[in-house]
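Reader: I am new to this structure and would like a close look at one part of it, the open sheet, together with what surrounds it. Please set out the details in a connected account.

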Amino acid sequence: MPQTKILLKNIGTPNSEHIKGYLKNGGYKALKHALGELLPEEIVELVKRAGLRGRGGAGFPTGMKWQFCASDPKKIKYIICNADEGEPGTFKDRILLEQDPHSLIEGMAIAGYAIGCTQGIIYIRGEYIYAARLLEQAIEQARAKGYLGDNILGADFCFDIKVFLGAGAYICGEETALLDSLEGRAGRSRVKPPFPVNEGLWRRPTTVNNVETLCSIRHILLNGDEWFRRLGTSECPGTKIFSISGHVNKPGNYELPMGTVLRDLIYEYAGGIRDGNKFKAVLPGGASSPCLTAEHMGVAFDFYNLARAGSMLGSGALIVMDETTCMVGAGLSVARFFEHESCGRCTPCREGAGWIVNILNRIYNGEAKLAEIDLIVELADNMRASSFCPLGMAAPNAVVSFIKNFRDDFEEHIKYKRCPARKDLDV
Amino acid sequence: MVELTIDGKKITLDENATILEAAKSANIYIPTLCYHEKLGPFGACRICVVEIEPGNKLVPACITKVMRNMVVYTNSEKVLRSRKMNLELLLARHPTDCLTCEKGGECELQRVCFQVGVSKGKGEFYNRLVDVFGVQPQDIRIEDSRSIIERNLNKCILCKRCIRICHEVQALGAIQFSRRGVKMEMGTFWGEKLDCEFCGQCVDICPVGALTNKLSKYKARVWQLDKVQTICSYCSMGCSLFLNVKNDRLVKVHGEVNVGRNDGNLCYKGRYGQLFVSDPARITTPLIRDKSSGELKKATWDEAISLVADRLGDIKKKYGGNSIAGISSARCTNEDNYVFQKFFRAGLGSNNLDSSTRFEHAPSIGVLTKSLGWPAMSNPADDL
């Protein structure tokens, strides 16, 4: 089966990153349509009817977010594109930013018009310096053609975009930490409420949307909400770009309708497991999601079905692990990531993430006692229950799911000082 | 107004209140560490977590606003489990050398541990950690520079109160968190030595012994100190301060929230500049210069005052009141200054009066008069 390429349609066409190539592919038609024929409220309504959910991970309905922001009486507002793509295993925004930057610019301009703001900011992670330069060039091109700037396309609407480079902290992908970082402080989550839609950047109403979300906007405007609803599942319409990585034959970005089942994602599109090995586990939504195992092959990938299966879609980053994976080692590498990226603000996350790494290290090296496995689960429960922001709540997910599903791996490390999956591993 | 239930008690109060404030109004105790009434919402230590319905979620009481028909449990099993674990996690890295710690007795970590029932020997979870690792408390350097503030980051529980008061109340920002996660520590730009005006606000607000006053080190335990409220005599602000006295000797000075115009805030002079009162070199009696030897000799107040009265009387008789001038000080009280000028004008017949304040304040009077037409503050101090 071919992919359902909507967002990725232009990727790979000549000059797709240049405005010339973009215009040839029908670019900026949606912006023309919006400014010429639609009222801001009508766009918000349209996006609401389409049922578009944020593609950054939380899956909040985009139309609702826009409405909250648009209905705030304060005058100056901001639209921010969250391009701080930091979730391990995710590389979907990068391809859009590098090869189709104009669809993001167009989406932001439409969002700006719908919300009633004149300034857009793209917060892009520091490592994406190449994409950031391309974006700046693309913005320059759009300005020259009059798609950004004052009185866009002759309408009474001014809009411009700035690119802001992050400094490499994972936490800055969380929207309030992103705002703090934009304001020049260290990225640490803010107290909610107030929510960013009411008090965001510089305490002004701010909408923060993911790259993929904003890139979807032009397609909804051009094709209508019914067309969008026909794609994907009834609860989560549209397509989703799945970044598939790990032990598969063809890792990469695959755009498919929401609700595509795990079996198809791995065997149909990603070419199956490498070397003819058996499938062991998959992290369906990046490093912060609980893993799925072979029994979940029929799970449909959308926000709701994955939640029902005990995991989450997150940003749609599948990290596939085959039978040769040591789950203690995998857990350790995830735990190390979160220990490093915990901002340090709240006790459960800061201390918990550190202890989990300590304990996993001991298990990995066969120095631990059996009871320590449950100590990790306890620490994790506390992190989930009482952490300040989503980072701490999600950080232990993967490790705990590994323990739940592959407890034998952990026990064997401790009891027999060997790894059941990797015979070569010298514990 | 909203009505909610905390631990079975029905409470009605303003909708902008937090759960912590609601609990306080009903005399229900919720332990806190990073919360301070003077500072903005932060909610990081997670000691004040409470369970709320609907949802049976754990939320921090200090930053969660009350809602209509909310049901709050401050002591459910879930709450105690999480609270204990968070406390034990903090304690795991904290050196419990309370025996020699400056803060012992007024340490908030000590207090909360006592109330929640957690200690290094008692903590169920902590014991297991010790069992597993033989946990050693963190061992970061202790800054012992020439400053009067001692920074012992081993004891820091990362509540950010020092940083918040420096930013929010002092509006300075001399300190900030550096690094992330378990490596996070309170520090200065590039880890330089503390180089601020040393107001000591961070020392006063530190809940543990991470920031302490070097001048009072090892001089007294908290419970040995008598606290005497008085007014600072350094400037005309009239800040309330508390003298901590042991055996009639001043050990240190602190301010208390909700007391006085200053609301517990003190500057470096008020906080650290009072120790002169117990200094042996301080002049405590009037001195009269001996005519023959030219040396200053101790005298009684009666002797001194009668000498001044005689001499002033002579001068006035001989040259007239106008030949006498008086200089007063902003460090005297309003009443003293009033009496002083009255005595000069009515008693001696002299209008030659000045104040030591002219030296520093005259330029600002000039500028204020020129720009605002009013030579003094145009707003109450509370508005600042």
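Author: In chain A, five strands make up an open sheet of mixed pairing, in the order 6-5-11-8-9. Strand 6 (252-257) and strand 9 (292-293) of chain A occupy the edges, each with a single partner strand, so one side of each has no neighbour in the sheet. Strands pair here if DSSP finds at least two bridges between them. Strands (E, at least two residues) and helices (H or I, at least four) are DSSP runs, numbered from the N terminus. This is a predicted model, in which local features need pLDDT of at least 70 and side-chain atom pairs count only at pLDDT 80 or more, while totals for chains, interfaces and linings use all residues. Residues are numbered from 1 along each chain as its sequence is written, chains are lettered from A and ligands numbered from 1 in the order in which they are written, and side-chain values use heavy atoms, without hydrogens and water.

At one edge, strand 8 (residues 279-283) of chain A joins strand 9 of chain A through two bridges in the antiparallel sense. Within strand 9 of chain A, A:L292 is the residue opposite A:V282.

The loop between strand 8 and strand 9 of chain A holds A:S289. A:S289 has a relative accessible area of 0% and is therefore buried (buried means under 20%, exposed over 50%, partly exposed in between, with a 1.4 Å probe and protein chains only). A polar atom of the A:S289 side chain lies 2.9 Å from the backbone nitrogen of A:G285, and one lies 2.8 Å from the backbone oxygen of A:G286. Leaving aside residues up to four places away in sequence, A:S289 touches A:L283, A:P284, A:S311, A:M312, A:N397 and A:A398 (contact means heavy atoms within 4.5 Å).

Beyond the sheet, charged pairs deserve attention. Over all chains there are 37 salt bridges, each a side-chain nitrogen of Lys or Arg within 4 Å of a carboxyl oxygen of Asp or Glu. One of them joins A:R407 and A:D374 through their side chains, at 3.2 Å from N to O. This pair links distant parts of the chain, with A:R407 in helix 17 (residues 407-415) of chain A and A:D374 in helix 14 of chain A, 33 residues apart. A:R407 is partly exposed at 29% relative accessibility, and A:D374 is likewise partly exposed, at 37%. A:R407 also forms a salt bridge with A:E411, whose closest N and O atoms are 3.2 Å apart. Both A:E411 and A:R407 belong to helix 17 of chain A, four residues apart, about one turn of the helix.

Helix 14 of chain A leads on to the second chain. In the interface, 32 residues of chain A are in contact with 32 residues of chain B. In chain A, the residues that lose the most area to chain B are A:R350, A:W355 and A:E378, together 21% of what that side buries (buried area is the accessible area, with a 1.4 Å probe, that two parts lose on being put together, summed over both). Three salt bridges are counted between chain A and chain B. A:E341 and B:R180 meet through their side chains in a salt bridge of 3.2 Å, N to O. Helix 12 (327-341), helix 13 (347-364) and helix 14 (371-386) of chain A are the elements giving two or more residues to the side that touches chain B. Helix 13 of chain A gives the largest share of that side, 10 residues.

Terms used:
A polar contact is a pair of N or O atoms within 3.5 Å; within protein, one must be able to donate a hydrogen and the other to accept it, and residues adjacent in sequence count only if both atoms are side-chain atoms.
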